Number of protein chains: 2
Amino acid sequence: MAETSTTTVGQSYGRLEGHAKVTGRADYIYNLRLPSMLHAKIHRSPIGHGRINSIDVSAAAAMPGVHMVVTGEDVKTVLPEPYYGPAFHDQPILALDKVRHFGEPVAAVLAADPHIAERAARLIVVDYEELPAVYDEIEALDSEAIVHEELKPAGTFADLKHLSGRRDTNVALDFHLRLGDADKAFAEAVHVFEHTFRTQQTMHTPFEPMVAIADVTHDRAIIHSSTQSPSFVRFELSRLLGWPESNVRVRTGHLGGGFGAKVYVKVEALALALSMLAHRPVRVAQTMEEQFYTITKHPSTFRIRSAVDDDGRIVGRKCEVWWNGGAYADIGPRVTQKSGFTAAGPYDIENIDIDSFALYTNRPPAGALRGFGIPQLVWAYESHTDIIARELGIDPIDFRKRNILRDGRPQAVGTIVEDGEFEPVLDETARRLGWDRPYDKGEGAKRRGRGVAIGFKASISPTTSSAIVSVNADGSVIVYCSTVDMGQGSDTAMAQIAAEVLDIPLDRIRVVNPDTDVTPYDMSTLGSRSTFHMGHAVRLAAADAKEKLVAMAEEIGMPEGSNAPLPELFIKKFGMRAGTIVGTANFKPDYAPTDPETGLSPNATPFWMIGATGAEVEVDTETGQFTILRMINVCDVGKPINPAVVETQLSGAAVMQLGFTTTERMILENGQLTNPSLADYKVPGIFDMPVIMENGMIEAEQHNGPFGAKGAGESGTFGVSPAIANAIEDAVGVRIAEMPITAEAIFRALRAKDGAPLEED
Amino acid sequence: MAETSTTTVGQSYGRLEGHAKVTGRADYIYNLRLPSMLHAKIHRSPIGHGRINSIDVSAAAAMPGVHMVVTGEDVKTVLPEPYYGPAFHDQPILALDKVRHFGEPVAAVLAADPHIAERAARLIVVDYEELPAVYDEIEALDSEAIVHEELKPAGTFADLKHLSGRRDTNVALDFHLRLGDADKAFAEAVHVFEHTFRTQQTMHTPFEPMVAIADVTHDRAIIHSSTQSPSFVRFELSRLLGWPESNVRVRTGHLGGGFGAKVYVKVEALALALSMLAHRPVRVAQTMEEQFYTITKHPSTFRIRSAVDDDGRIVGRKCEVWWNGGAYADIGPRVTQKSGFTAAGPYDIENIDIDSFALYTNRPPAGALRGFGIPQLVWAYESHTDIIARELGIDPIDFRKRNILRDGRPQAVGTIVEDGEFEPVLDETARRLGWDRPYDKGEGAKRRGRGVAIGFKASISPTTSSAIVSVNADGSVIVYCSTVDMGQGSDTAMAQIAAEVLDIPLDRIRVVNPDTDVTPYDMSTLGSRSTFHMGHAVRLAAADAKEKLVAMAEEIGMPEGSNAPLPELFIKKFGMRAGTIVGTANFKPDYAPTDPETGLSPNATPFWMIGATGAEVEVDTETGQFTILRMINVCDVGKPINPAVVETQLSGAAVMQLGFTTTERMILENGQLTNPSLADYKVPGIFDMPVIMENGMIEAEQHNGPFGAKGAGESGTFGVSPAIANAIEDAVGVRIAEMPITAEAIFRALRAKDGAPLEED
């Protein structure tokens, strides 16, 4: 799409929903109550892996005020195949036969009073036969504990025939990519480096916990849900029900955060089953604690090896990534594939081997979380890259620039890079850091260091977005799209696009909340895909409406160029203020399928997201305590639709990743999560912020994007973790290889470096 | 549209919403409660006409639990011009300066507890200066009581310049039609007949009373309303607010009856204003009593004169109709115009004068009610026609057939009749009555008689309906239209039309409830216009979707005729079950404007509704008590989309009109309504039903209709009242000229005929 001069697009309007949110009138599903609704509370597994011998619900059922107690076997009476999941149909609505992770839902109690339901849920007694369990992704490769004896791949995974049937491994999916001849490159290399990096399990922490209210009648299921994926939830529930999708309605309100936690089916299937059993509306609303048991970020182990020549050119790279998917696959297999292929980093390397494995363990399930696996990969490849540069005595920026991907070169997967501002992002990061200026690294106990890191991500492809743009007879406009505004400002961006195309003021445009009875299909709100995909769909739908308006004007003798106000046009056409002009579009980017043999694809993504971070830290060598003096986040954001909103996406993403880097960690002991609360699980607070934080946007047109735009919701996460680790090494000469980076870890590393054993060791 | 063979259209499917209704799960706005909602209760005028000197709300406001008391002056602080109405902006949201009818809303009390609001509303004290009042439409022509000193015509009435400005008359609108030379015809006529007939004030009695919940924030008004006119309510409230229509949302659920009561704005404007003042959602829900004060059926007086030649041909007819519109115009002026032009009946008369007057009085307002004035007209012209036949000694069927309109001839307004099955309807009525067989008229006190009557109606024109038909990726379909299903089965009919066009089973189609944020424009659900207008719009939108599906199939190499299932088509196009194909259409029938001089129009209606009734009665000459032994309703229904549903429309309409004919009457004493309850105002019960009731459908293709269909929701009302009056005259020789036809009226007429004075006279 050629660059054009715009009036509404490119301006920093305030968010459409801002006033409603700050005045407390915004519509959150968590606040919804329906007449005669029952509350569900869930009895959960206290163990990591075990066979269910029996469930005694008698005490719970006898409690006054309890309407019903439901087990997995009860669910089967209304939904005979009660397994769901986007990649595998592996997750039971309530546990059947066995439990596979601590916190797994085993039974549910329904009551009009949620407190009664909660107390009754504690009275359920389950007799388990404990089974061997596995929690570590490396141990899972070769464990006697087998989490799933059978796999049922879903939908687009169904062609992976090797996955189905009975199994004696915990590998859920393996992805392999081969480019050039890595073995040869390593055999001939001057320098070879190998490191292993690990990341921990964390959680999304949306402040509106997951919630669904199901209201099911004999041929109609209405699901009110704080979901990021209304179209997918409709699809999956209609599959469970065996009903046409038109009989299932999934609607959202505003979302109090999502971050990937609320994609695909989470609490909706349980609400559905319970409403069918109770013949009443049923609300399943999680507590903050319960979210820890529901979906998390993949822990990972990444062994990375590089072959480097004398000029500091990386000539070969071998990547082995093991993703700890927990007890149910959720979308983990896609993380394994779609993020896996970028595991070698944003470098122009001619010989690459990538092996990426999705593993089942007995942890709570892992799925999508802002970055979709990329921050785990960048953590490894940018720590590794920095180590190589330092060991070879090459400036880390210089070393990266010698190897960086540039437009016109193929990425590892075979797709030629276009509109990928890798080098400008790196340069701007260095410029803002003052990389070329002399740097005072401190003395005594307080030492300072600087580090940079750059990462990149493909968008999920090929996916479809559909939109409708309706023009009312008074010239006001309604935009229908299933993109969920969970705080990222998508409603405002879509309104700006429609206003731009139709050339009307923004305040005459409304964007309705996603509702599968109302808004057309969208794959999901994830992967920073909405601005690009739905942006195009809204642009095309608005253009379709515009075309119809022009045709109508010509038909009634008001030719184009007369610029008659829309209300006059409608009155002349319909004899009064009547009629609705409806524009519509489906958008899917061009795509050629991946080669099943090589894993190569000519257009694996319609655009690249690129983000770098520069960090300055000060470390206390006596305690390991550290302060982030500056954090600079620079991203290629295309041409932003709304620059102010895009900038808040960069800082929001960076701060979120900062929490995962320095403070957040789910701690399991014998499979039991010991810190499932915000008192014990530390999300960053105001005092954890960097002293100075800057956001830099490289505004470079994405030529195939709507008005030159691309997605930017995750890019701010990419470089944060390794930039901090690199800065710490720069400051005090120790390398932290496992997240989170804590004072204790630095202290231990400093002691180990000095050869001084720790007291308790 | 050429007749085609259909599979889904023309079949008698059960109603889509039937199961939800009988299981109590149907969605009625009356049942809706919103969080933090306040209930409004209304203080109403106890007099018919008076100036408001002062309103003392102190006692009400001081009552514990009362949130707020609101008067008309308060409303002006949020809506400076708080007058609404479809024809004139004459109706204040709450009374300003004066009250114009008993029961007019004067103030409202808001409370979380509706019982508190109700008690507080009784504590409001209003000081009135009573003004002269007028309640009769004939007296209103020349009364010192002037109901409105000023008129503000709205919208399409705004060009009637003579209506605006200060006034000294109660005529709100006068309509005149001149065809041929009636004066000459009368001067030359062999026979001249003149009669006057009257009808009483009645009410719609929807069993779900009118209700609206408004939820207004700083730039957004959401109105949940049991309205028949979501598009109009949006239009009118956006006008009151000065906001774009996209900022106003009006949604409905199922309606528990409408019958014209719930067209245009009723309680919505008050709910809107109260929510703006309270900054909370506010519910205005009427009791059954309050509906009597809100909207009614026009009382009327009709002086009709006919000039008849020796062959029994009516050569001239003069009609003067006075419509008692009550205190506010509502849509009464349209009744005056649009029904007025058919006042001469379904006869081929070459010289016609029609004068039709809308009058303001101090009665509760009158508006649309199933038939839109036609039953009042048919009451007069078919009583009159029957009297003529009897006086001339011509068989009443024969007399009608000598004069009946036939295809190719112009109706009075100048529109050539097409697809008007007048004669077949009359013939079928006679056939079912056994008109040609000998008839036992009884003896002694019990006398039997037979009567027929035929009426007709134009559809409201030109009006627009818009529809969207979306095809989901699994091949299921959602139909979006703002036609309100209030029991008439329109959802089922629209689904059948979409299923027919798309060639898919009916159970894969969903019709969503009207919601201006969701469903496109429709003029309103009234005037039996939906099957024709929205039927066309849905047909065209489905055809548009079908065309896009065919284009998509061709694009991806699945040519038309391959008949690939829709899900395969979407998967091939979008790579997975993705996308939405959206068809859309606006439909407005051809129309040339009415000649402002003559009142003539070449296409005043896109189709004619025709209905006849045959009645057999038995009258007790000693008491006047009568029994309807048989009632036969025969209508031209075009080609019915769903014959079973159409038949229930015929019987429902006939029974409703039977109530207006024999039992229902609003009784005013000094302007005060004395029977505003279902205990005192008698709607027909099961024992009031005819002993035998038959419904006959003349299925004749309406060539310009969707699949040959036309509207039929009102046709069953037309002939009922005069058929019964005619049968009574046939039985006992007395003519009842004023509705309702009661035992007392017959008794009095019998006594008068015998010359025996009644005791109390």
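## A tour from the rotation axis to helix α12

Begin with both chains of this predicted model in view: chain B can be laid on chain A with an RMSD of 0.1 Å by a turn of 179° and a shift of 0.1 Å along the axis, copies being superposed by least squares on the C-alpha atoms of residues with pLDDT of at least 70 in both. The two copies are thus related as by a two-fold rotation axis. Select B:Val518, whose C-alpha, at 2.9 Å, comes closest to that axis of the residues of chain B. The same surface serves both copies, since 100% of the contact residues of chain B (contact meaning heavy atoms within 4.5 Å) recur in chain A.

Residues are numbered from 1 along each chain as its sequence is written, while chains are lettered from A and ligands numbered from 1 in the order in which they are written. Local features need pLDDT of at least 70, side-chain atom pairs count only at pLDDT 80 or more, and totals for chains, interfaces and linings use all residues, with side-chain values resting on heavy atoms and leaving out hydrogens and water.

Turn next to the aromatic rings. Over all chains there are 22 aromatic pairs, a pair being rings of Phe, Tyr or Trp (its six-membered ring) with centres within 6.5 Å, called stacked if the planes are under 30 degrees apart, edge-to-face if over 60 and tilted otherwise. Select A:Phe422 and A:Phe456: their ring centres are 5.7 Å apart and their planes at 70°, so the pair is edge-to-face. A:Phe422 lies in helix α12 (residues 422-433) and A:Phe456 in strand β23 (residues 446-458) of chain A, so the pair ties together parts 34 residues apart in sequence; helices (H or I, at least four residues) and strands (E, at least two) are DSSP runs numbered from the N terminus. Both residues, A:Phe422 and A:Phe456, are buried, that is, under 20% relative accessible area, where exposed means over 50% and partly exposed in between (1.4 Å probe, protein chains only).

Now follow α12(A) itself, whose buried residues include A:Val425, A:Leu426 and A:Leu433. The buried residues of this helix pack against α11 (396-403), β23, β28 (608-620), β29 (626-636) and β32 (692-698) of chain A. Just after α12(A), select A:Gly434, whose phi is positive, near 70°.

Finally, move to chain B and select B:Arg450, whose charged end sits over the ring of B:Trp435, 4.8 Å from its centre, and also over the ring of B:Tyr439, 4.4 Å from its centre; the criterion is NZ of Lys or CZ of Arg within 6 Å of the ring centre and within 35 degrees of the ring normal.
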